[in-house]
Amino acid sequence: MNEVFDNFSYKLVHVDKKTGARAGVLHTPHGDILTPIFMPVGTNSTVKLVTNNNLYDTGAQIILANSYHLYLRAGHKLIEEFGGIHGWMNWNKPVLTDSGGFQVFSLAHLRKISEEGVEFRDPKDGKKHFISPEVSMEIQQSIGADIIMAFDWCAPYPCDYDTAKEAMERTHRWLERCIKAKTSVNQALFPICQGAFYDDLRRESAAFVSSIPAVGYAIGGLSVGEDKDTMNHFVEFTAPLLPHDKPRYLMGVGTPEDLLDGIKRGIDMFDCVLPTRNARHGSFFTSNGKSQIKNASYQEDPKPLDESCDCYTCKNHTRAYIRHLYKCGEGTAQALISIHNIKFLIDFSQKARQAILEDRFEEFYNENMEKLS
RNA sequence: UCCUCAGUAGCUCAAUGGCGGAGCAACCGGCUGUUAACCGGUAGGUUGUUGGUUCGAGUCCAACCUGGGGAG
């Protein structure tokens with residue numbers, strides 16, 4: 001089993017004395033990742049509206065792509081012919097692919113689940129496709145990301161106990177099938193803890209996934225519509241049940257506040273569509289909370305999006321200019337805000353890391369939570 | 001000068017003689033392993049003007065004003 005992990009290692013560098021927040025280094029075949037880290041999402045093998053050079057400039061250390069979307073278009077076999085996702089998109093840093101498990105949740109009305117797997121209808125043309133743990137592994141191995149995710153059943157919120165239990169147990173059986181189907185040694189398969197919003201299920205799922213040797217472990221099924229207190233409870237409850245010496249990935253999270261809350265509770269990796277989706281919708285992060293470039297108050301504002309940010313956008317452009325572009329429907333505005341939002345979250349995760357290394361994460365947490373609210 | 005068509009929210013247009021609406025623009029908000037450059041909310045009116053007919057007029061009648069088209 002060990003040879004599977006030869007190309008990966010994780011070193012827990014420091015644990016903040018007061019909070020237990022963690023700083024680490026995850027070594028992958030395409031480079032090291034300094035945790036805690038925010039990972040931008042590039043579903044279709046591009047972080048929407050952001051070119052690679054701009055993405056490198058944000059300090060992105062690893063990006064996500066999606067198996068389901070790339071299987072439908074352009075096709076995982078084609079990507080494999082282009083040298084896997086790194087060659088395909090000419091990105092030389094680590095990549096993580098999601099398994100399609102989130103689409104069990106997000107495309108709930110377009111899919112049918114069975115023990116064997118999930119039948120999806122393509123939202124674009126209605127054609128049926130069947131994805132099983134084995135198919136997901138095949139897709140993800142062709143795509144060739146450094147980190148691949150188990151094919152899971154992400155349950156909705158709210159979710160009754162019986163369904164939550166069924167989703168969790170099936171996720172566990174599917175995990176075993178993923179492990180059996182996986183043959184590549186240059187990819188780390190992360191198991192996913194499910195269990196919806198029930199302590200006993202979360203405990204059982206955390207114990208199950210922890211019993212399986214892996215480079216890192218994910219917490220799935222959160223940030224699916226529940227309130228913050230609920231999410232924080234289940235992160236706080238679940239994270240300590242996962243192996244202490246392995247990275248913990250909280251899937252689909254989040255906002256700057258969510259990063260603070262997650263890191264405080266022992267999370268090491270985050271991904272979220274918010275920085276890019278919100279950018280396309282005109283919303284940007286600042287040290288003092290999010291705002292909307294559409295607001296009339298920015299019409300003549302000569303300041304950058306965030307005065308304490310040194311991203312390409314903030315170094316070069318004013319709020320007035322970006323607002324003008326946005327109101328004119330110029331995609332450049334969305335691209336500029338995307339760059340800013342991504343760098344903002346990555347910087348934020350790395351500042352948190354520095355605070356952890358210096359045993360001052362609690363102050364960092366309090367100070368930023370105050371400013372962001 | 002005459003004929004003709006039109007005039008309703010910032011814009012483009014709806015509304016049998018019976019509570020004046022929509023889309024866009026404006027303003028504001030939401031978005032969490034992307035079906036999302038999306039979704040939602042708010043505001044916005046002396047229906048060109050003045051008279052008339054009518055229980056009741058954006059709607060019918062008259063005059064005028066403004067604009068388009070045509071004739072001379």
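Modeller: Helices (H or I, at least four residues) and strands (E, at least two) are DSSP runs, numbered from the N terminus. This model is predicted: local features need pLDDT of at least 70, side-chain atom pairs count only at pLDDT 80 or more, and totals for chains, interfaces and linings use all residues. Residues are numbered from 1 along each chain as its sequence is written; chains are lettered from A and ligands numbered from 1 in the order in which they are written.

Biologist: What is the phi of Gly-266, which follows H10?

Modeller: H10 spans residues 256–264. Gly-266 comes after H10, and its phi is positive, near 95°.

Biologist: Why is H10 largely enclosed by the rest of the structure?

Modeller: A residue is buried if 20 or more other C-beta atoms, placed from the backbone, lie within 10 Å of its own. Among those buried in H10 are Leu-259, Leu-260 and Ile-263, and also Asp-258 and Lys-264. The buried residues of H10 pack against E4, H9, E14, E15, H14 and H15. H10 is largely enclosed because its buried residues number eight of the nine.

Biologist: Which strands are at the edges of the sheet E7-E8-E9?

Modeller: This open sheet has three strands with antiparallel pairing. Strands pair if DSSP finds at least two bridges between them; E8 (residues 118–121) and E9 have four. Glu-119 stands opposite Phe-130 in E9. Pairing on one side only marks the edge strands, E7 (111–113) and E9 (128–131).

Biologist: Which residues come nearest to RNA strand B?

Modeller: Elements that each supply at least two residues of the surface near RNA strand B include H5 (101–106) and H11 (274–280). In total, 46 residues are around the strand. Nearest come Ser-106, Cys-154, Ser-223, Gly-252 and Gly-254.

Methods
A residue is near a molecule or strand if its C-beta atom, placed from the backbone, lies within 6 Å of it. A residue is buried if 20 or more other C-beta atoms lie within 10 Å of its own, exposed if 12 or fewer, and partly exposed in between; C-beta atoms are placed from the backbone. Two residues are in contact if their C-beta atoms, placed from the backbone, lie within 7 Å.
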